[in-house]
Amino acid sequence: MIYPSSVSPLTSLRVIVAADPAAAAELATTRILTLLHSKPTAALGVATGSTPSPVYRALSRAQLAESLDLSRARAFALDEYVGIDARLPQSYRSVIDAEVTEQLGFQRSHVSVPDGSAADLAAAARDYEAAIDAIGGVDLQILGIGHNGHIGFNEPGSAHDSVTRVVTLTQETREANARFFDDNVELVPQQAMTQGIGTILKARSIVLLAFGAGKAGAVARALEGPIEEASPASALRKHSDVTILLDEAAASMLS
Ligand code: F6R
């Protein structure tokens, strides 16, 4: 069951509380399909992690049912670990290859992931930002949110106008992601290359998904707390087209 959407009193954010992650994923998928039907060359901003996986699966099913051709669409990943072998399953390159490029049928050359193995990381970050600008920007950015409110790997304290760069991951984030590294936090890289908050805010539309009680605090702070650098996702309230898709648990701390 999907509850009626409500408009946050503070901002133009649309906050939709769906009955479960599958229902939220269907709503996100509908947004993506509408975009791709009207603009087959659209650029999607794609997140990794657990949250967007049901969206990519729903999109794959819808795409098969509708014979949607994604060969002209583009995708830009949010982030990548620094120093990780891109062939390892934990690299975001591997995750995006499997969940986006192969599952959805994007052309490989149309899918970009920050190069966390570049010899010159600063240059690679500048090139990534420039590549997004060169294709005219991201049309629809899919986001998850960290327990500490991060978007991309923009940890608390990130400037709201930050661009693609190398960042140091917090211990909290490394612990949260240890589940992808044999539950060994020591194996989680210390740094990542991430689109900045300013990069994310350049997308024409943004859809953030959050599921589970563990995200409830981060969601409440992002939507109802102060807009401040200590709260990266609060920056989304500066954007004019953001949809927040939650399950009931993730919405449970909203007033
Ligand atoms: C992933 C990313 C992160 C995740 C966030 C939530 O590309 O940029 O911001 O969206 O850490 O991760 P999950 O969905 O695994 O809880």
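## Surroundings of the ligand

The ligand is surrounded by 15 residues, with Thr 51, Asp 79, His 150, Gly 152 and Lys 215 the closest. The model is a predicted one. By class, the shell around the ligand consists of four nonpolar, eight polar and three charged residues.

## Polar contacts and cover

Side chains of Thr 48 and Asp 79 each place an N or O atom at short range from the ligand: 2.7 Å from a ligand oxygen for Thr 48, and 2.5 Å from a ligand oxygen for Asp 79. Asp 79 is also listed among the closest residues of the shell.

Gly 152, another of those closest residues, takes part through its backbone, where an N or O atom is 2.7 Å from an oxygen atom of the ligand. On its own the ligand has 410 Å² of accessible area, and the protein covers 94% of that area.

## The largest pocket

The ligand takes up the space of the largest pocket. The volume of this pocket is about 420 Å³. Its lining is made up of 25 residues, and those nearest the pocket centre are Ile 145, Gly 146, His 150, Asn 177 and Lys 215. His 150 and Lys 215 are also among the residues closest to the ligand.

Helix H5, which spans residues 171–177, contributes four residues, the most to the lining of the largest pocket. Sorted by class, the pocket lining comprises nine nonpolar, 12 polar and four charged residues.

## The cavity

Apart from the pocket, what does the structure hold in the way of cavities of 30 Å³ or more? There is one. The largest cavity contains about 50 Å³ of space.

The residues lining the largest cavity are Ile 145, Leu 208, Val 219, Ala 222, Leu 223, Ala 233, Leu 236 and Ile 244. The class count for this lining is eight nonpolar, no polar and no charged residues. Helix H7 (residues 216–224) gives three residues, the most to the cavity lining.

Ile 145 appears in both linings: it is one of the residues nearest the centre of the largest pocket, and Ile 145 also lines the largest cavity.

Terms used
Residues numbered from 1 in each chain as written. Predicted model: local features only at pLDDT ≥ 70, side-chain atom pairs only at ≥ 80, totals over all residues. Heavy atoms only, no water. Near = heavy atom within 4 Å. Polar contact = N/O pair within 3.5 Å; in protein donor to acceptor, adjacent residues only side chain to side chain. Areas by Shrake-Rupley, 256 points an atom, 1.4 Å probe, with all protein chains shown as cover. 1 Å grid on protein atoms, 1.4 Å probe; cavity = no way out; pocket = protein on both sides within 12 Å on 5 of 7 lines; lining within 4 Å. Sits in = over half its atoms within 2 Å of the grid points. Nonpolar A, V, L, I, M, F, W, Y, C, P; charged D, E, K, R; others polar. Points joined across faces, edges and corners; volume = space filled by probe spheres on them. Helix = DSSP H or I, 4+ residues; strand = E, 2+ residues; numbered from the N terminus.
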